[in-house]
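Reader: I would like a close look at a single part of this model, taken slowly and with the terms explained as they come up.

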Amino acid sequence: MPDKKGRQTRYLALAEETRTMILYVSPHKLVKTLAEFVTYFGEDRQICVSRELSKLHEENIRGTVREVLTHFENKPPKGEIVVVIGGKITTKENKKQIE
């Protein structure tokens, strides 16, 4: 993600993405980034934040963007962070899930 210029434009484009997205986010930017996800993707989008993958203290936090944001507001993140965000669910996908 761009640090400043073009960040909002990129978020608006990614908000419509239907494929799963994978991002590396530094620990000191994670809470701010999750708050931006609430704004652009909605608080109910499914997400997984993984910390210290393939290491002794590996941790995976799954849920909605709002739930994960609340978790990391209360427990500051440390280590290497990878974020996996579910794509936008389209009307066709909603019908498939119901059937």
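Which residue in β3 is the bridge partner of Cys48? Please set the answer in its surroundings, with the strands and the loop that belong to it.

Author: This is a predicted model, in which local features need pLDDT of at least 70 and side-chain atom pairs count only at pLDDT 80 or more, while totals for chains, interfaces and linings use all residues. Residues are numbered from 1 along each chain as its sequence is written, and side-chain values use heavy atoms, with hydrogens and water left out.

The bridge partner of Cys48 in β3 is Arg62. Strands here are DSSP runs of E with at least two residues, helices are runs of H or I with at least four, and both are numbered from the N terminus; two strands pair if DSSP finds at least two bridges between them. By that rule β2 (residues 46-51) and β3 (residues 59-64) pair in the antiparallel sense, over six bridges. β2 is also joined to β4 (residues 81-85), again antiparallel, by five bridges, and in that pairing Arg51 stands opposite Ile81. Five of the six residues of β2 are buried (under 20% relative accessible area, with exposed meaning over 50% and partly exposed in between, for a 1.4 Å probe and protein chains only), so the strand is largely enclosed by the rest of the structure.

The loop between β2 and β3 holds Glu52 and Ser54. Most residues other than glycine have a negative phi, yet Glu52 has a positive phi of about 55° and Ser54 one of about 60°. As for accessibility, Glu52 is buried, with a relative accessible area of 15%, whereas Ser54 is exposed at 71%.

On the side of β4, one residue to follow is Leu23, which has its place in β1 (residues 21-25) and counts as buried at 19% relative accessibility. Leu23 and Val83 are 60 residues apart in sequence, but 5.1 Å apart in space from C-alpha to C-alpha. Leaving aside its neighbours within four places in sequence, Leu23 is in contact (heavy atoms within 4.5 Å) with Phe37, Ile81, Val82, Val83 and Ile85. Ile81, named here among the contacts of Leu23, is also the residue that stands opposite Arg51, and this links the description of β1 back to the strand with which your question began.
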